[in-house]
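Thanks for coming, everyone. Have the model open on your screens, and I'll walk you through a few places that I'd like us to look at together.

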Amino acid sequence: MPDISAGRLAADDYGKNFSDVHPPLGAHEAVVESDRCYFCFDAPCTNACPTSIDIPLFIRKIGTGNVEGAAETIFASNILGGMCARVCPTETLCEEACVRNVAEEKPVRIGLLQRHATDRYLESHSTYGIRAPATGRKVAVVGAGPAGLACAHELALKGHDVTIVEARGKAGGLNEFGIAAYKATDGFAQREVDFVLGIGGITIEAGKALGRDYSLADLRAKYDAVFLGLGLQAVNALGVEGEETAGVVDAVRWIEDLRQSPDKSTIEVGSRVVVIGGGMTAVDAAVQAKKLGADEVTIAYRRGPAEMGASRYEQELAQVNGVRILHWVAPRQVVSEGNAVAAVDFERTALDASGRLTGTGRTLRLAADQVMKAIGQTFVSGPVETVALDGGRIAVDEEMRTSLAKVWAGGDCVRGGEDLTVQAVDHGKRAALSIHAALSA
Amino acid sequence: MADLRSNFLGIKSPNPFWLASAPPTDKKYNVERAFRAGWGGVVWKTLGEDPAVVNVNGPRYGAIHAGDRRLAGLNNIELITDRPLELNLREIAEVKKAWPDRALVVSLMVPCEERNWKSIIARVEETGADGLELNFGCPHGMSERGMGSAVGQVPEYIEMVARWCKEATRMPVIVKLTPNITDIRYPARAAKKGGADAVSLINTINSIVAVDLDSFAPVPTIDGKGSHGGYCGPAVKPIALNMVGEIARDPETYGLPISGIGGIETWRDAAEYIALGCGTVQVCTAVMTYGFKIVEEMIDGMKKYMDSHGFSTIEDFRGLAVKNISDWKYLNLNYIAKAKIDQDLCIKCGRCHIACEDTSHQAITHMVDGVRHFEVKDEECVGCNLCVNVCPVDGCITMQPMAPGSVDPRTGKVVSPQYANWTTHPNNPSAVAAE
């Protein structure tokens with residue numbers, strides 16, 4: 001019988017394993033680190049940030065003891081700056097661009113400085129910004145994830161009344177349901193939602209799904225504008241024999257259950273876990289499986305380290321936590337014993353002469369008690385009716401306008417979405433500014 | 001191997017690194033620790049008459065910091081020694097006896113009367129100390145009582161007291177100058193006229209180091225009030241170097257031995273003072289920041305520098321920079337330099353660009369062919385050196401002189417091989433025709 005069980009660890013270990021993966025900077029550390037910033041002209045870090053946070057300015061404010069002002073600089077560009085400080089792959093964004101890399105290969109720790117400023121701010125402020133006088137205009141935002149929240153906050157600032165319709169029981173989107181537990185501890189996602197909503201003028205209607213409880217046509221009739229921040233709904237299938245076997249789980253769902261569970265010891269995990277995929281979700285699932293007490297966790301990915309969706313930093317995080325990463329293997333069959341998973345058969349892959357991924361005929365069997373599928377999610381387009389798609393997701397222009405009048409979209413559900421909180425925030429903000437311009441015209 | 005031994009006014013020490021008269025030299029305990037650490041000599045903290053002065057019982061120091069809280073400047077309101085004269089004299093004698101190879105100079109400050117000076121000198125005489133330093137420098141506290149900088153600001157007093165002291169002692173007399181004057185040459189000339197064997201400078205600079213923005217009082221704050229204090233540390237070094245240079249090149253004081261003081265932290269700082277003519281240097285703030293151990297770096301670094309330049313004693317390079325201090329009007333206006341950015345070292349922070357663009361001559365690019373790229377536009381560059389100074393990478397931007405005969409793209413004129421200065425320049429209303 002496969003070895004899958006909950007409660008593998010002593011009670012104390014759960015708290016330790018799921019505490020902050022990157023402890024925050026102390027006040028002294030923050031000042032020391034802020035001294036390292038060169039206050040670059042036309043700063044490469046700011047240019048690398050999807051939300052264009054004025055990073056040198058906020059760091060300079062930390063250095064002068066003006067932490068509150070630092071946070072305001074951040075929130076002016078990115079209202080979810082607190083979560084982005086925790087989950088952004090800074091090593092491929094601002095910190096990769098930091099000029100300190102050139103001479104020292106050691107960037108200013110921008111992410112941790114941003115967290116320092118935003119954490120302090122949230123401790124003493126219920127929101128950021130002051131609303132403009134009411135415009136009387138009403139906007140519907142579908143989805144209370146990062147894109148929708150950023151859009152709603154910006155619209156509320158401009159004086160519009162916003163209604164967020166959210167299919168789930170509570171707001172937050174992937175920040176609440178998708179991010180690894182050790183990246184957003186102590187209920188941070190909900191505290192940030194409260195902070196965003198604190199601006200006023202935003203109503204949330206939870207538990208109402210587009211296409212089920214109401215239609216896009218309803219929204220267009222009732223509101224002056226609509227923003228779609230739907231995210232992705234379906235999980236890609238492996239497309240191999242045995243995929244339906246007991247013990248094969250969807251990593252996104254498993255992470256969500258773990259995240260929503262106040263008692264991590266109730267979450268079942270296998271002794272030997274195989275995670276199939278190469279993105280952030282694969283790493284989040286694998287690391288958390290290890291932290292729940294799995295004995296052996298392997299990430300199996302069909303290409304090499306450079307092609308992984310997970311950043312190099314995330315790959316190292318997995319390895320440091322004892323996860324093995326196996327490259328150049330593609331799943332061919334889930335092997336079962338009785339009615340449960342026993343192993344996964346892989347074929348070793350390689351690039352052919354023309355650079356295409358191909359099987360080599362050589363195979364490998366990994367014994368497994370639990371298999372987690374993390375090979376990406378897809379957009380379910382039914383509910384958006386006649387909105388034009390591109391590559392299976394919603395087509396938008398520079399201002400995040402869809403093909404349908406009065407309808408904007410952003411986040412993972414649009415073409416070019418990158419599964420990044422910070423990019424979703426940028427989409428939401430840009431859409432809000434476009435909506436505001438349209439409503440003010 | 002370089003020989004660091006120093007002979008200053010006949011006072012011998014194993015190296016020219018002395019501790020200045022200040023808290024680190026207030027008593028036997030500290031001085032012996034300094035000697036064990038390797039310091040060549042000390043100037044004992046200033047003695048006064050009994051009853052001893054009293055110090056404030058609140059904070060005595062304030063500071064300004066550079067990045068990473070590196071102490072850049074220190075300010076103090078501490079007075080001269082607050083220990084009984086007898087105790088200090090006894091310890092001075094003990095230390096001198098135990099450490100005969102080290103320099104031990106005694107700093108003095110008493111009211112401006114001949115009998116006061118002569119009386120204390122007679123007592124110091126008995127300790128076997130090597131020399132005297134007359135403290136005409138401290139700008140705080142004692143100056144309110146007509147001592148310290150109150151004397152140092154009046155050249156006639158300096159000359160008078162120096163003369164009394166020279167009459168009263170076998171020991172060499174060093175006059176310590178205050179920088180809180182308009183022209184340092186006058187007090188130096190007065191010291192020489194009074195017969196002083198040397199000058200030492202600078203003492204601390206009058207300062208308010210900071211204002212507390214909650215209590216609205218100067219720092220350091222004593223029960224809600226603050227007083228101006230004496231400023232020292234790395235930040236004052238440029239001021240001190242200039243004053244040393246002025247005295248070194250003044251025809252009236254040329255050759256007068258100088259002990260250099262002000263912001264010395266490393267062998268390099270010390271070597272700069274020696275290049276400007278100093279026979280010894282005195283250190284205080286650096287040891288108050290890092291402890292006595294820094295002298296090990298100073299000794300080793302100085303030796304390495306001297307070896308690399310073929311100097312066997314400090315006399316071999318002492319004063320070599322004096323002849324190169326010039327009045328502005330004699331600087332060669334035909335010397336033309338352009339900044340050059342080493343693209344391999346450039347980290348693309350853009351500080352050179354924004355400094356030049358916002359505040360200077362718009363002579364550095366930030367974008368070339370759509371790519372972030374910082375390069376000097378020779379046709380705009382006046383060679384001001386600002387970019388060199390704001391660049392965070394040492395050696396990345398350098399000033400390169402243009403060869404005579406080449407054309408300066410900024411002016412379109414051929415670079416002349418001839419030396420020509422302001423005194424002969426056609427724009428100078430008082431120009432004299434070049435001959």
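One definition before we start: when I say helix or strand, I mean a DSSP run, at least four residues of H or I for a helix and at least two of E for a strand, numbered from the N terminus. And please keep in mind that this is a predicted model.

Let's begin with the loops of chain B. Find B:Ile202, which sits in the loop that links strand 10 (198–201) to strand 11. The peptide bond leading into it from B:Leu201 is cis, and its omega is near 10°. Which other peptide bond of chain B is cis? That is the one from B:Asp50 to B:Pro51, where omega is near -5°. As for its place, B:Pro51 belongs to the loop between strand 4 (41–47) and strand 5 of chain B.

Now, where do strands 5 and 11 of chain B go? They belong to an open sheet of four strands, in the order 5-6-14-11, with antiparallel pairing. Strand 5 (61–66) and strand 11 (205–207) are its edges, each with pairing on one side only. So each of the two cis bonds is in a loop that leads to an edge strand: B:Pro51 is in the loop between strands 4 and 5, B:Ile202 is in the loop between strands 10 and 11, and strands 5 and 11 are the edges. On average, neighbouring strands in this sheet are turned by 35° against each other, leaving direction aside.

Let's step into the middle of the sheet. How many bridges join strand 6 to strand 14 of chain B? There are three, between residues 70–76 and residues 229–232, and the two strands run antiparallel. If you want a landmark there, look for B:Asn76, which stands opposite B:Gly230 of strand 14.

Staying in chain B, swing over to a pair of helices. Helix 1 (residues 28–37) packs on helix 2 (residues 85–98) at an angle of about 20°, and their axes are 10 Å apart. Since angles under 35 degrees count as roughly parallel, helix 1 of chain B is roughly parallel to helix 2 of chain B. Their crossing is right-handed. Who meets whom? From helix 1 come B:Lys28, B:Val31 and B:Glu32, and from helix 2 come B:Glu91, B:Glu94 and B:Val95. By class, that contact has two nonpolar, no polar and four charged residues.

Compare that with where the two chains meet. Here 10 residues of chain A contact 12 residues of chain B. On the chain A side, the residues divide into eight nonpolar, no polar and two charged.

While we're with chain A, one more loop: A:Trp328 is not a glycine, yet it has a positive phi of about 60°. You'll find A:Trp328 between strand 11 (324–326) and strand 12 (329–337) of chain A.

Finally, let's zoom out. Chain A has 17 helices and 19 strands. Its radius of gyration is 22 Å, close to the 22 Å of the globule rule for 441 residues, so chain A is as compact as a globular protein of that length. Its C-alpha trace spans about 65 × 55 × 50 Å along the principal axes. Chain B has 12 helices and 22 strands, and its C-alpha atoms fill a box of roughly 75 × 60 × 50 Å. For chain B the radius of gyration is 25 Å, which agrees with the value near 22 Å for a compact globule of 435 residues.

That's my tour. Happy to go back to any of these spots!

Definitions and conventions: Residues are numbered from 1 along each chain as its sequence is written. Chains are lettered from A and ligands numbered from 1 in the order in which they are written. This is a predicted model: local features need pLDDT of at least 70, side-chain atom pairs count only at pLDDT 80 or more; totals for chains, interfaces and linings use all residues. Two strands pair if DSSP finds at least two bridges between them. Axes are lines fitted to C-alpha atoms, for helices over the stretch in contact, and angles run from 0 to 180 degrees between N-to-C directions. Two residues are in contact if their C-beta atoms, placed from the backbone, lie within 7 Å. Ala, Val, Leu, Ile, Met, Phe, Trp, Tyr, Cys and Pro count as nonpolar, Asp, Glu, Lys and Arg as charged, and the others, Gly among them, as polar. Angles under 35 degrees count as roughly parallel, over 145 as roughly antiparallel, 65 to 115 as roughly perpendicular and the rest as oblique. A crossing is left-handed if the near helix is turned anticlockwise from the far one by less than a right angle, and right-handed if clockwise. The radius of gyration is taken over C-alpha atoms; the globule rule is 2.2 Å times the number of residues to the power 0.38.
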